[in-house]
Amino acid sequence: MKITGLLLVLVLLSTTAFAQSKKRDKVKRKYRSTEAVTNEMPSVFIRGSVYDEGYNALPGATVTIDGTAKGVNTNEDGEYLITGLVEGRTRVRVSFIGYKTHTADIILRKGQNVKNVMLPLDNIHLEPILVNSQKREQQILDVPTAISSVSAQTMEQSNITDLSLMSEFVPGLYIREQGANRPSFVIRGLTSDEVSPSAQPRVSVYFNNVPINRASGASLELYDMDRVEVLKGPQNTLFGRSAQAGAVHYISKMPTGEFNGSLTAGYGEFGQKEVRGFVNLPIIKDKLAVRAAGIYNYRDGYIENTFGGDLMGKNTYGGRFSVRFKPAWNHKFDLVVNYQKDDTPGIAFMPDSLANTNGTTGIFSGVASHEQGTNLGTGKEVFDATLNYRLYMSEHNYWTSITSYRTNDASARWDGDGTASAAIDMAENSSASQFYQEIRGNFSQNSRLNGVLGGSYWRETADQTYWFSPNEQQLANLMLSSPPMPLVDNNGQPISIPVIPVGYDSINNVPIYVDLPTNHQEENYSKATNSALEGFIDVNYQLSRKFFVSGGARIVYDRYKLNYQSEFTGGSESVLDGILSNAQESYISKSPNLFFKPIPEQELSKSTLSFTYHGGLKYRFNEYGNLFANYSRGRRPNVLQFTSTGEKQVLDAETLDNFEAGFKAAFFDRIFVDVTAFYQLYKNFQTRAWVADASTGEFNYISKDGGQATSYGAEANLRVAVIEQLHLFANYAWLKTEFDSTDVDGQTQQYAGNVFSLAPEHSLNVGFHARVNITPTIQLFVTPSYAWKSHMYFEDANTPGLEQDAYGLLNINGGLALNDPNLVLSVWASNVLDEQYITSAGNTGSLFGVPTFVPGPPRMVGTKLTWNFTKKPRPYFKRSKRNR
């Protein structure tokens, strides 16, 4: 019944949302050499443009009519239209945090009324923040949900060049980058890890309005970005089936009508070299512009490998080409082509008590002995192309078509035991291709009902291969005794067991021995074909001058098909398999593989029809503050997977009920406060686990049903403009998570009472940006920030020892800025206090009794020189013909 009702609403709104009452007045439209007319406008309406002192359009500004329940936000061209008014005197109010609020008394006449508004910046002002989280331009104050935005200005001031540092500026977000191909996005304790080609992440990652469904493709370089928006809590309505915990949206800069560019060159410790830049070129005035940007970022690893090379380094290059074409006033085409390639050294999985070949031990020794040397590494190659077409009927009524194609190839090879032993040598290779098409319509009815409706189609093919190659003479130390015997001696040299007894020859009265192989290779291969057809609607209705209600829903029909097979691929057949599985006929293994039982190709498929929704209420004090309360239902699709023994598994869809209330306000045009409290209930919680049981032949990284769980907490943002030269910022998150005592069937849960992994109870980030003029043309600036996290576990099992105590990181960026030429010389330092901390614990080695740990980066220092160039035209404001 709910789904049928939604379909009826979609059909009704799609036929009525863009209709307007007729009006005979002729209205001139912009960008046309010949006059166009609009014959379908209300009897009294007002339209205009909002711009800053440089005559740049201000999208997202709030425009209201005092004494009425009518208001809109300016569109991406800074234009607005308010309809359904009455003749007579009225007051127009235009506001945007950071700018001076503008009010104007005008006399409305029948037909079109025009009011263009310039908003000057306050002398001491907060940074204006624009977001597009509700599929339309708004200032962040107007969005009644928990949202943060990291702007290009913030990234530049704090030298934010990686996702882990960026996440410190968003309360409730933690991003862990472990190599180039498997980042973990964690929102309110829920991670985005997917462990099967058919599994969908909990955190939806978008790039320019297009979903990125594979984690390996979600780790993007932050060059030439306009902003990164982060929404917390279920966002399935607007960000699709994968947004159960929230969404992260990368938005790159688009071409503009001015010639400008930038070039940055940097050098730092560990051989760090960085070059990045962009150039923006207008081709045809007001019609065609292009933008090209690129990056190269290299750094040696901060862990030396005694077998050659280093670990924990970086080697990335990428480029982006964007085109904006406006052939007519109501047509706009945006094309973005993006490419990135990473080829980084391997990950340093460090055991805490086993020596390297130098004879030293310790996670933070700075030296590892990973026997594959330079063969280790992580990498990925990403290509995507997106065409965005927008067709305007009026300022707030328009259709958008988004067409995208994306490919992603990723690889990793790692030393699972972290020693000179060849006991655990593993690799993963994956690839994916994706097509995405979305069509949506934005509408504004009577300037009170604003919203979006539409549909999308997504199709993906993805595959994944796990490869395992143990030296069984060395792996036997871990498999044949409990507790495990050491893999290496005190000098870090491998300990081998060439032969093992498998029986006794009673005739000759001698034991029977068998040689263990030194080279054995096996793998499992999974391939998935995934698709989804979705319809959605999201609306906001202004009940009165103070009260707003909002709601939305999404219907999803998805299909998943997973194929699986595993096989023996090279070397000698396993002997340990036969010993551990107690083969009766002889010591010779019943299976040639140790962990991935050879299985011919199998298939598993599932189709589902699902429904998610949200509703909320907002109370608006004035243009400077509001209260809001929301409920939302989130869902993560079923997980299809095979165990390494070939067992088919379909986990139930995970659901999340989210309740939140918040407060947003600006005080004295200098202080911005954003506070949200939330309470969340989970069912069929999908936890992740490496499973290794040689007696059954099961070895795999799979999802498990963790039952029910609960979380609650609060998040806060604070920004203060103390004086023009000094700005303070801070954020704080409090998070309580716990697996319930019983599952949905009333059975005791394995993880009852445990907390979520990667979910510190407390986290905060504080800092300031200061600048002072040394001379009329030289400015000194500095931006320090300190991020702190309390204790956290790295596994939902809460294994003692696999945890990180509270720690804090101090980062500083400062330097000199010259006015003419426009040069910026900066010096940056990360982890200034040289804090020792880990970013991962347990990992593959913990399955065999040798847990490993990944050390976080030590203190690093570097410098950059940036040249900004531009050809500034004489300031002017060109009004559209419609507004003359």
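Let's start with one residue, Y557, which is partly exposed, with a relative accessible area of 38%. Why does Y557 count as partly exposed? Because its 38% falls between the two cut-offs: buried means under 20%, and exposed means over 50%. Keep in mind that you're looking at a predicted model here.

Where does Y557 sit along the chain? You'll find Y557 in strand β35, which covers residues 547-571. Y557 also has company on the surface: together with F383, Y405, F435, Y457, L533 and L609, Y557 forms a nonpolar patch. The accessible area of these residues together comes to about 660 Å².

Now hop over to another part of the chain, where three strands make an open sheet. Their order is β12-β13-β14, and the pairing is antiparallel. Which strands are at the edges? Those are β12 (173-177) and β14 (190-191), and each of them pairs on one side only. Zoom in on β12 and strand β13 (residues 183-187): the two run antiparallel and are joined by five bridges. To see how they line up, look for E177, which stands opposite P183 in β13.

So much for the folded details; how confident is the predictor? The protein chain has an average pLDDT of 88, and 90% of the residues score at least 70. Over residues 6-17, though, the pLDDT is below 50. Leaving aside near neighbours in sequence, that stretch has 17 contacts in the model. Residues 873-884 also have a pLDDT that stays under 50, and for them the model has 32 contacts beyond four places in sequence.

Key: Residues numbered from 1 in each chain as written. Predicted model: local features only at pLDDT ≥ 70, side-chain atom pairs only at ≥ 80, totals over all residues. Heavy atoms only, no water. pLDDT = per-residue confidence, 0-100. Contact = heavy atoms within 4.5 Å. Pairing = 2+ DSSP bridges. Helix = DSSP H or I, 4+ residues; strand = E, 2+ residues; numbered from the N terminus. Patch = residues over 30% accessible without salt bridge, like charges linked within 9 Å, V, L, I, M, F, W, Y side chains within 5 Å. Areas by Shrake-Rupley, 256 points an atom, 1.4 Å probe, with all protein chains shown as cover. Salt bridge = Lys/Arg side-chain N within 4 Å of Asp/Glu carboxyl O. Buried < 20%, exposed > 50% of the residue type's maximum accessible area, 1.4 Å probe, protein only.
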